[in-house]
Amino acid sequence: MSEKPFAVVPLLSKALHRIRTTPPRVIASPPTQPRRAAVAILIRVVPSPHAQPTTLSTQPTLSEFFELDWVKDPNARAELLFLKRDTPLPEEAAHSQPRTHRNEVHVAFPGGRTEPDDEGGMYTALRQTWEEIGIDLAEKDYMCIGQLDDREITTSLGKRLLMILSPFVFLQVTPNAPAPDPIPSTTLYWVPLETLVSPVAPPQWSQVTVDTASRLAPKHSFALKLLVRALVGSMEFPAIIVHPCSSLPPTPASSNEGPQVFKLWGLSLGMTLDLMSYMIMPLPNSAKLDIKADSKGTSSRASSPFSSSVMQLPYHGTPEGLRMEVVAPSLASVFPRFSYPDVNFWIWVFGKRYREIVRGWETSIRSGGVNDRRINWSGQALSTFYAAIRKALVVVIVARALGILFGLAFTGWWIFLS
């Protein structure tokens, strides 16, 4: 007897209804940095091969859409749209410079910077999606569900605000929409949502390596970059390996470099996890959290304020054992680890403040989350975390410099005595 497939469409229905009724946390742009950007998170439901969906004359409501027979079909498949840019956007290049292997593909959402003539974040998402991939989200084939929380894009280890990013969620409400027409430098990938949220086959976690020197040293100072790289190493950000089911244009056949590995990380991973967090269904308030650590230091839930039978989010092992399954799954995507263990140790030493903020966030959510929407918990956690990183790097660099000077002095003394 074949195993019953994991039903992700009912979870998606609940998530989209929750997004529609939950006001997003909107971050106002400071006068010193007015730049903003927006992306479109596009979701579609692919009918079962045996279904015969009918075309409606008018656009259904969100509730009516999920009551359609071809949508409720157990074999219907929900998918997320990602893309690969051959040339990164300016904000992507400024935000991170990952070391990409030849067979490694980094995927993201369509979107870009807000132009002066744009009538708001949603207009930016609509315009950028049309210009970049040829999908008109203003047509009746699509429905805007709502907005996720704004996100701050920073550089220089969180010290300088680059811009504010607004993610908007869209749903394709027809079984057959006009085909996309991406620009030549862009490839589209549809990824089954089931592969990201299924507790039966949880996603595979990986990492993306970012050169720390690219964030600390001046752009054109090659010698200083080499010095910083030698002193503090690199940063490793968590990533999820995704498995596209289709692409447009089709992906070329794999060459001698081996099959391509598609990685979702950084801001795109954070927004994806924000979307997935709406799929967690609260249990009664009497449920208690019981976290048990395994031999690798990661945590598993015996019982939780969220139903583990509904969905297990694919949480990466978070720094110092912090629990992220309740607070903000997207925080797991932006807390990097360093390649040198002593850097991670000093981050922990100076990280008392950000751990307190995360625990306060957990307390807020468990008590009902009344003040969660009014406080920028994620912004506070990230700013204090990067402050701990900066202090740790100062200690490590000074310690390394003193060690080098001591070594040189000892060597000179030993040569003099010889």
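## A walk from the core to the C-terminal helix

Start by selecting Leu12, Leu16, Phe65, Phe66, Leu171 and Leu193: of the 54 residues in the largest nonpolar core, these touch the most other members. A nonpolar core here is a set of buried Ala, Val, Leu, Ile, Met, Phe, Trp, Tyr and Cys residues joined through side-chain atoms within 4.5 Å. Buried means under 20% relative accessible area, exposed over 50%, and partly exposed in between (1.4 Å probe, protein chains only).

Before you go on, a note on what's on screen: this is a predicted model, where local features need pLDDT of at least 70, side-chain atom pairs count only at pLDDT 80 or more, and totals for chains, interfaces and linings use all residues. Residues are numbered from 1 along each chain as its sequence is written, and side-chain values use heavy atoms, with hydrogens and water left out.

Now zoom in on Leu16. Leaving aside neighbours within four places in sequence, Leu16 is in contact (heavy atoms within 4.5 Å) with Ile43, Leu62, Phe66, Ile145, Val169 and Leu171. Apart from the largest core lies another one, of 24 residues; pick it out with Leu157, Leu231, Phe385 and Ala388, which are among its members.

Zoom out for a moment. The protein chain has 12 helices and 15 strands, taken as DSSP runs numbered from the N terminus (helices are H or I, at least four residues; strands are E, at least two). Of its 418 residues, 47% are buried. Among contacts between residues at least 6 apart in sequence, 77% join residues at least 24 apart.

For one such long-range spot, select Gln59, in the loop between strand 1 (36-46) and helix 2 (62-66). Gln59 is partly exposed, at 37% relative accessible area. Draw a C-alpha to C-alpha distance to Val173 and you get 7.4 Å, though the two are 114 residues apart in sequence. Beyond four places in sequence, the contacts of Gln59 are Glu139, Lys140, Tyr142, Met143 and Val173.

Next, the charged pairs. The structure holds 14 salt bridges, each a side-chain nitrogen of Lys or Arg within 4 Å of a carboxyl oxygen of Asp or Glu. Show Arg25 and Asp149, whose side chains meet in one of them (3.0 Å, N to O). Arg25 sits in the loop between helix 1 (9-21) and strand 1, and Asp149 in the loop between strand 5 (142-147) and strand 6 (151-155), so the pair ties together parts that are 124 residues apart in sequence. Arg25 counts as buried at 8% relative accessibility, and Asp149 counts as buried at 15%.

Then move to Arg151 and Asp274, a salt bridge with its closest N and O atoms 2.7 Å apart. Arg151 lies in strand 6 and Asp274 in helix 9 (residues 266-277), so this pair ties together parts that are 123 residues apart in sequence. Arg151 is buried at 11% relative accessible area, and Asp274 is buried at 14%. For a network of salt bridges, select Arg44, Arg77 and Glu79.

Last stop: helix 12 (residues 377-417), home of Trp414. UniProt's unreviewed entry places a "transmembrane region" at residues 392-416; such annotations may be inferred rather than shown by experiment. Over residues 392-416 the chain is 100% helix and 0% strand, with end C-alpha atoms 36 Å apart. Trp414 is exposed, at 52% relative accessible area. Color Phe406, Phe410, Trp413, Trp414, Ile415, Phe416 and Leu417 to see a nonpolar surface patch of about 930 Å². Patches are made of residues with over 30% relative accessible area and no salt bridge, with like charges joined within 9 Å and nonpolar side chains (Val, Leu, Ile, Met, Phe, Trp, Tyr) within 5 Å; accessible areas come from the Shrake-Rupley method with a 1.4 Å probe, and for residues only the protein chains shown count as cover.
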